[in-house]
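Subject: Structure for your review

Dear colleague,

Please find below the structure that I am handing over to you. I would be grateful if you read my notes alongside it.

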Amino acid sequence: MTESEVDLEATQYEKHREAGEILAQVREETADRVEVGASHLEIAEYAEDRIRELGGKPAFPVNISIDEEAAHATPSIDDETTFGEEMVNLDIGVHVDGWLADTAITVDLSGTPELAEASEQALEAAIEVVEPGVDTGDIGAEIEDVIDGYGYNPVVNLTGHGLGHWEQHTSPNIPNRAVSQGTTLEVGDVVAIEPFATDGGGKVTEGAKEEIYALEREGTVRNRQARQALEQITEEFRTLPFATRWLETDRAEMAVRRLKRNNVLHGYPVLKEDDGCLVSQKEHTVIVTEDGCEVTTKR
């Protein structure tokens with residue numbers, strides 16, 4: 001199919017748009033509830049429940065990343081953590097019948113508004129250059145240039161990404177810095193662009209904590225709780241990430257450990273900035289159109 005033959009009114013794109021519309025509303029409502037003393041778990045559950053109320057389903061557990069955390073942090077089943085004077089990144093996803101939208105926003109409670117502004121302005125600059133034929137390396141160059149102009153560094157080993165059917169991360173990658181060999185965008189591509197800015201060196205590594213998992217492969221287990229968890233995972237979440245707190249079986253944490261030990265699940269460790277420095281994030285999902293792009297996650 002040529003670029004001109006892509007039907008951007010097809011059902012899949014309408015479902016991407018529906019997911020984005022739900023997500024834009026939930027992002028704003030959730031961000032408004034983030035304040036010193038508020039509960040991480042209550043905020044995450046508010047967003048996830050609101051997504052369901054509006055007709056979508058969470059595409060992954062709400063990420064609530066604090067200060068040096070960049071991604072994959074979500075509350076545990078009995079989490080009692082509350083917000084302090086911190087930098088808070090909310091990363092939220094919605095799917096409608098497996099067609100996704102992905103967005104993120106920084107709520108700055110740390111007194112470092114310029115860092116949050118750097119990732120926000122980098123995203124705006126990136127969106128302005130999105131069109132058919134643009135190289136993803138050029139998008140990365142725009143992101144890097146804006147963040148550098150604020151005196152900060154982009155997080156270079158995190159990227160934006162394509163969104164597939166029941167797939168949260170597909171090609172193409174959208175770098176957060178200039179690269180010499182990127183990918184050419186085409187009409188119909190659905191991509192999440194997500195600049196990360198930091199006052200550190202600009203790299204993240206995996207921490208020890210892990211609360212988000214996804215199906216690695218089909219498998220069988222004898223344990224009753226693990227079997228119940230696996231049935232729910234394969235039927236409800238398929239290949240999308242989920243949180244232990246979403247599982248309806250007894251002793252869910254034990255069931256997850258058993259499934260991971262059997263290589264049925266893989267985990268997503270929390271990613272942290274190498275120098276322990278602050279990280280901000282801003283993200284939108286776009287559909288590449290014949291004359292530019294359509295941002296599905298803007299209100």
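The notes below cover the annotated domain, the nonpolar cores, one helix and one set of paired strands.

Please bear in mind that this is a predicted model. An unreviewed UniProt entry annotates residues 14-217 as "domain: Peptidase M24". Within residues 14-217, helix accounts for 32% of the chain and strand for 33%. The C-alpha atoms at the two ends of this stretch lie 30 Å apart.

The largest nonpolar core has 24 residues. The members that touch the most others are V130, I139, I143, L185, I193 and V286. At least two residues of this core come from each of α3 (113-129), α4 (136-149), β8 (190-193) and β14 (284-289). The most is given by α3, which supplies seven residues. As a general point, nonpolar side chains in soluble globular proteins tend to be buried together.

I193 deserves a separate look. Leaving out residues up to four places away in sequence, I193 touches L123, A126, I127, V130, I143, I174, K282, E283, H284 and V286. Apart from the largest core lies another, of 23 residues, and A38, V62, I66 and L90 are among them.

I also examined α4 in some detail. How does the span of α4 compare with what its 14 residues should give? At 1.5 Å a residue the helix should span 20 Å, and its end C-alpha atoms are 20 Å apart, so the two agree. Its buried residues are T136, G137, I139, G140, I143, V146 and I147. An α-helix has 3.6 residues a turn, so residues three or four places apart point the same way. The buried residues of α4 pack against α3, β5 (153-154), β7 (167-174), β8 and β9 (196-198).

Both ends of α4 have a feature to report. At its start, the backbone nitrogen of G137 has a side-chain oxygen of D135 within 2.7 Å. After the helix comes G151, with a positive phi near 90°.

Finally, I turn to the strand β10. Strands β10 (residues 204-215) and β12 (residues 265-273) run antiparallel and are joined by eight bridges. In this pairing, L215 of β10 is opposite L265 of β12. β10 also pairs with β11 (residues 242-243), again in the antiparallel sense, over two bridges. Here I212 stands opposite A243 in β11.

Yours sincerely

Technical notes:
Residues are numbered from 1 along each chain as its sequence is written. This is a predicted model: local features need pLDDT of at least 70, side-chain atom pairs count only at pLDDT 80 or more; totals for chains, interfaces and linings use all residues. Side-chain values use heavy atoms; hydrogens and water are left out. UniProt positions are given in the numbering used here, feature names are shortened, and annotations may be inferred rather than shown by experiment. Helices (H or I, at least four residues) and strands (E, at least two) are DSSP runs, numbered from the N terminus. A nonpolar core is a set of buried Ala, Val, Leu, Ile, Met, Phe, Trp, Tyr and Cys residues joined through side-chain atoms within 4.5 Å. Buried means under 20% relative accessible area, exposed over 50%, partly exposed in between (1.4 Å probe, protein chains only). Contact means heavy atoms within 4.5 Å. Two strands pair if DSSP finds at least two bridges between them. The expected span of a helix is 1.5 Å times one less than its number of residues. A polar contact is a pair of N or O atoms within 3.5 Å; within protein, one must be able to donate a hydrogen and the other to accept it, and residues adjacent in sequence count only if both atoms are side-chain atoms.
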